[in-house]
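Let's take a walk through this structure together, chain by chain. Keep the 3D view open and follow along.

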Amino acid sequence: MNLTTESRLEKLLKRGEFVVTAEIGPPQHASAHEIIHHARMLKDYVDATNITDCQTAVVRLSSFAAAVHILREGLEPIMQMTCRDRNRIAMQADLLGAYSLGIRNLLCLTGDHQSFGNHPTAKNVHDLDSIQLINMVKRMRDDKVFACGEPIKEHEPRFFIGAAANPFADPFEFRVLRLEKKINAGAQFIQTQIIFDLERFSRFMEMAVERGLHERAYILAGLLPLKSIGAARYMQKNVPGMIVPEEVIQRLRKAKDEGKDVAEEGVDMCVEFINEVRKIKGVAGVHIMAIAWEEIVPTIVQKAGLYPRPKAD
Amino acid sequence: MIVAEQKPFAEIAGFVADCNKILVAGCLGCVAVCLAGGEKETEILAAALRMHRRLQGKPLETVTYTATRQCDPEYVDAMADLVKDVDAVVSLACGVGVQYLAERYRDKWVVPALNTRFVGGSVAQGVWEERCGLCGECILHKTGGICPIIRCSKSLLNGPCGGSQYGKCEISKDVPCAWQLIYDRMKALGKLEWLLEYQPPKDWSKSRDGGPRKAVREDATI
């Protein structure tokens with residue numbers, strides 16, 4: 001097998017396995033207790049886990065440190081890195097450090113604007129944008145150079161490079177072209193924004209497949225189990241770049257009216273979505289973002305018939 | 001032009017609370033155009049300060065002067081006689097003018113009456129918007145004449161982030177997404193292929209990150 005990195009995730013994708021990734025959001029304090037708890041819980045149910053980088057611009061335990069904690073638990077981390085808080089010097093320093101500690105997967109992101117978080121008066125950096133970050137990480141690995149062009153004389157960091165794609169943001173027609181730009185820059189795997197609008201996602205995938213992008217990068221469909229009607233409504237109204245169709249909310253409401261457990265209905269819906277996206281050409285796996293509900297992931301994976309997970313070796 | 005806004009009155013009054021006589025200095029440049037520091041605003045501010053102090057039982061004497069431009073030594077020199085016997089100078093110029101006054105009149109307490117906001121233009125009567133990020137290396141030819149450095153809240157160079165929806169930026173429904181504007185215009189111009197080209201990291205040393213900038217025109221120097 002011709003692998004570019006030591007990433008276990010890359011190995012599984014290359015082998016053609018339908019992969020499952022999840023997400024752990026680090027806490028707003030200095031203990032790794034919950035991270036370790038979640039890592040132990042998810043370990044046998046997913047192939048790798050994203051570690052968010054101060055998501056929604058709220059200060060949290062760093063993705064770098066959290067990734068090391070879960071690595072120690074035997075779970076493979078996908079370290080997220082945003083362009084919001086660091087310049088190219090700090091980013092490259094963290095990349096060297098993260099690689100030296102065994103982190104092999106990196107997801108390159110722009111980052112939510114600081115106005116969403118708990119430090120809205122902070123200065124944002126955006127020295128690089130996400131596509132430039134992708135390209136920098138690729139050049140560090142393949143050309144063995146720093147962003148400035150100086151050689152990395154030895155021990156270059158060799159990350160399996162990921163990027164995000166949002167089929168629900170606008171301009172819609174540009175979204176596939178932007179995905180292509182990311183792949184051209186060096187992205188090897190893609191995790192999409194949370195999908196509730198299957199029709200739009202299918203159209204996006206059709207366009208991606210038409211351009212042969214599914215053969216140049218592994219596209220993982222982003223999904224989220226809805227825990228409550230309130231959460232669904234909040235995402236529909238307040239989260240930029242998300243589409244939550246009204247019928248999704250109506251379904252939860254109906255479940256509630258019939259005396260069913262809304263969260264259970266949310267899980268069932270998530271499992272159905274997994275089954276649906278599996279049928280779409282070009283989808284190489286799923287990324288389950290159970291935000292602040294990490295413990296539900298094993299249930300979803302089992303119900304979707306994705307358990308047990310394949311061994312890498 | 002440079003767009004500025006007057007500071008809250010209480011803040012300005014606080015700067016000169018200990019003074020008996022001040023010079024209130026306006027500017028006929030950009031700040032006059034954006035109705036923040038021209039002749040009229042200068043007279044109004046001086047009158048307001050006098051009234052405020054009279055009500056406090058601690059009268060303040062004010063002298064007013066509106067320079068052609070406070071960012072030009074020649075016009076700053078012209079105020080020398082007025083500056084001489086005041087305790088402080090309140091400048092209604094942008095940050096450049098305040099510094100020019102402070103540099104020229106070293107023994108005087110020079111304070112700003114404005115907050116210098118941005119480089120932009122008027123979009124409606126009484127409304128101004130930012131248009132230029134002063135990055136030092138213009139890329140407007142690549143982006144359909146719309147600046148992503150300052151009009152995109154993340155200064156992205158390779159297209160819109162995932163927060164662009166219905167033409168708006170993720171920071172506010174009142175802010176248009178610069179990349180949506182760029183996309184629409186480039187599409188209309190038949191130049192979409194320009195947006196597919198990878199834009200490498202920007203040289204921010206040409207922006208403020210390289211330290212204070214200087215422009216020299218050899219042919220204009222004496």
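## Starting at a lysine in chain A

Let's begin with Lys14(A), which sits in helix α1 (residues 8–14) of chain A. A quick word before going further: what you have on screen is a predicted model. Is Lys14(A) buried, exposed or partly exposed? It has 15 other C-beta atoms within 10 Å, so it counts as partly exposed; the cut-off for buried is 20 or more, and for exposed 12 or fewer. For a sense of scale, pick out Ile89(A) as well: this residue is 75 residues away from Lys14(A) along the chain, and 32 Å separate their C-alpha atoms.

Now for the barrel. In chain A, eight strands close up in the order β1-β2-β3-β4-β5-β6-β7-β8, with parallel pairing. From one strand to the next, the twist averages 30°. Helix α3 (residues 63–72) of chain A packs on this sheet, where it touches β1, β2 and β3 of chain A, and its direction makes about 180° with that of β3(A). As for those strands, β2 (residues 48–51) of chain A pairs with β3 (residues 77–82) of chain A in the parallel sense, over three bridges. One of the places to look is Thr49(A), whose bridge partner in β3(A) is Pro77(A).

Where does the barrel close? Follow strand β8 (residues 283–288) of chain A. On one side, four bridges join it in parallel to strand β1 (residues 19–24) of chain A, and there Val19(A) stands opposite Gly285(A). Strand β7 (residues 218–223) of chain A is also parallel to β8(A), with five bridges between them; Ile219(A) has Val283(A) as its bridge partner. Why is β8(A) described as largely enclosed by the rest of the structure? Because five of its six residues are buried.

That brings us to the nonpolar cores. The largest one has 97 residues, and the members that touch the most others are Cys108(A), Val137(A), Ile190(A) and Leu223(A). Helix α10 (residues 262–279) of chain A gives the most to this core, with seven residues. Take Leu223(A) for a closer look: setting aside residues up to four places away in sequence, its contacts are Ile194(A), Ile195(A), Cys270(A), Phe273(A), Ile274(A), Val286(A) and Ile288(A). Apart from the largest core lies another, of 38 residues, with Ala25(B), Ala67(B), Cys94(B) and Val111(B) among them.

A few backbone details in chain A deserve a stop. In general, most residues other than glycine have a negative phi, and most peptide bonds are trans. The bond from Asp170(A) to Pro171(A) is cis, with omega near -15°; Pro171(A) is in the loop between β5 (160–165) and α6 (172–185) of chain A. Another cis peptide bond joins Tyr307(A) and Pro308(A), with omega about 5°, and Pro308(A) belongs to the segment after α11 (297–303) of chain A. Then there's His126(A), a residue other than glycine with a positive phi, near 45°. It lies in the loop between β4 (105–109) and α5 (130–143) of chain A, and it is buried, with 26 other C-beta atoms within 10 Å.

Over to chain B. The contact between the chains takes 26 residues from chain A and 24 residues from chain B. On the chain B side, that makes 12 nonpolar, 10 polar and two charged residues. The domain assignment splits chain B into domain 1 (2–118) and domain 2 (134–210), and the centres of the two, taken over C-alpha atoms, are 37 Å apart.

Chain B also has an open sheet of three strands, in the order β1-β6-β7, with antiparallel pairing. Its edges are β1 (2–6) and β7 (127–132) of chain B; each has a single partner strand, so one side of each is left without a neighbour in the sheet. On average, neighbouring strands here are turned by 70° against each other, direction ignored. Five bridges link β6 (residues 114–124) of chain B to β7(B) in the antiparallel sense: among them, Ser122(B) stands opposite Trp128(B) and Val119(B) opposite Cys132(B). These two strands form a hairpin with two residues between them, and in its turn Gly126(B) has a positive phi of about 80°.

Our last stop is Leu134(B), another residue that isn't a glycine yet has a positive phi, about 55°. Leu134(B) lies in the loop between β7 and α7 (148–151) of chain B, and with 12 other C-beta atoms within 10 Å, it is exposed.

Note on methods: Residues are numbered from 1 along each chain as its sequence is written. Chains are lettered from A and ligands numbered from 1 in the order in which they are written. This is a predicted model: local features need pLDDT of at least 70, side-chain atom pairs count only at pLDDT 80 or more; totals for chains, interfaces and linings use all residues. Domain bounds come from an automatic or database domain assignment. Two strands pair if DSSP finds at least two bridges between them. Two residues are in contact if their C-beta atoms, placed from the backbone, lie within 7 Å. Ala, Val, Leu, Ile, Met, Phe, Trp, Tyr, Cys and Pro count as nonpolar, Asp, Glu, Lys and Arg as charged, and the others, Gly among them, as polar. Axes are lines fitted to C-alpha atoms, for helices over the stretch in contact, and angles run from 0 to 180 degrees between N-to-C directions. A nonpolar core is a set of buried Ala, Val, Leu, Ile, Met, Phe, Trp, Tyr and Cys residues joined through C-beta atoms within 7 Å.
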